Amino acid sequence: MKISWYKIAAHPDELLFNSDGLLVVEANGKKITIAKTAIKLFACAYKCPHAGGILADGFVDAAGNIVCPLHRYKFNLQNGRNTSGEGYHLTTYPVEVRDEGVYVGFEEKKLFGWL
């Protein structure tokens, strides 16, 4: 699996998070949500996979899960697993903070997966 990295900020301090530690950015031509926890930065889909709630309008709970504002479905920011039991999966993306900036990684998809 090859990952392409996209710079979203020159420094983590440039990321202007809301009071719940969430932010929407555009990378690789798509909107994504960036979440700031006590340990690190995480990136995930812009919308909840259940009903399309804007995840940046939700919050990160004490356990480090992102919580959708519509129905309070919870997702683990590290792996996208639904932790409140509904069975949905949230797309997550790797984040790297490097000397030259903050990057989000996207898996390169080939036409048939083997080309």
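This is a short tour of one sheet and one pocket in a predicted model.

**The sheet.** Select strands 2, 3, 4 and 8. These 4 strands make an open sheet, ordered 2-3-4-8, with antiparallel pairing. Now look at the edges: strand 2 (22-27) and strand 8 (92-93) each have a single partner strand, so one side of each lacks a neighbour in the sheet.

**The hairpin.** Select residues 30-36 and 41-45, which are strand 3 and strand 4. The two form a hairpin, with 4 residues between them, and their antiparallel pairing runs over 5 bridges. To follow the pairing, show K36 and its bridge partner L41 in strand 4. Then show I32, which stands opposite A45 in strand 4.

**Strand 4.** Keep strand 4 selected and colour by accessibility. Is strand 4 mostly covered or mostly open? It is mostly covered, with 5 of its 5 residues buried. Strand 4 is also joined to strand 8 by 2 bridges, and these two strands run antiparallel. Select A43 to find Y93 of strand 8 opposite.

**The pocket.** Stay on Y93, which also belongs to the lining of the largest pocket. The volume of this pocket is about 240 Å³. Add the other lining residues: M1, I3, N28, K30, T91, T92, P94, G105, F106, E107 and K109. Which strand gives the largest share of the lining? Strand 10 does, with 3 residues; select 101-107 to see this strand. Strand 8 and strand 10 each supply at least two lining residues. Coloured by residue class, the lining divides into 5 nonpolar, 4 polar and 3 charged residues.

Conventions. Residues are numbered from 1 along each chain as its sequence is written. This is a predicted model: local features need pLDDT of at least 70, side-chain atom pairs count only at pLDDT 80 or more; totals for chains, interfaces and linings use all residues. Side-chain values use heavy atoms; hydrogens and water are left out. Two strands pair if DSSP finds at least two bridges between them. On a 1 Å grid over the protein atoms alone, a cavity is a set of points where a 1.4 Å probe fits but cannot get out, and a pocket is an open set with protein on both sides within 12 Å along at least five of seven lines; lining residues have an atom within 4 Å of a point. Grid points are joined across faces, edges and corners, and a volume is the space filled by probe spheres set on the points. Ala, Val, Leu, Ile, Met, Phe, Trp, Tyr, Cys and Pro count as nonpolar, Asp, Glu, Lys and Arg as charged, and the others, Gly among them, as polar. Buried means under 20% relative accessible area, exposed over 50%, partly exposed in between (1.4 Å probe, protein chains only).
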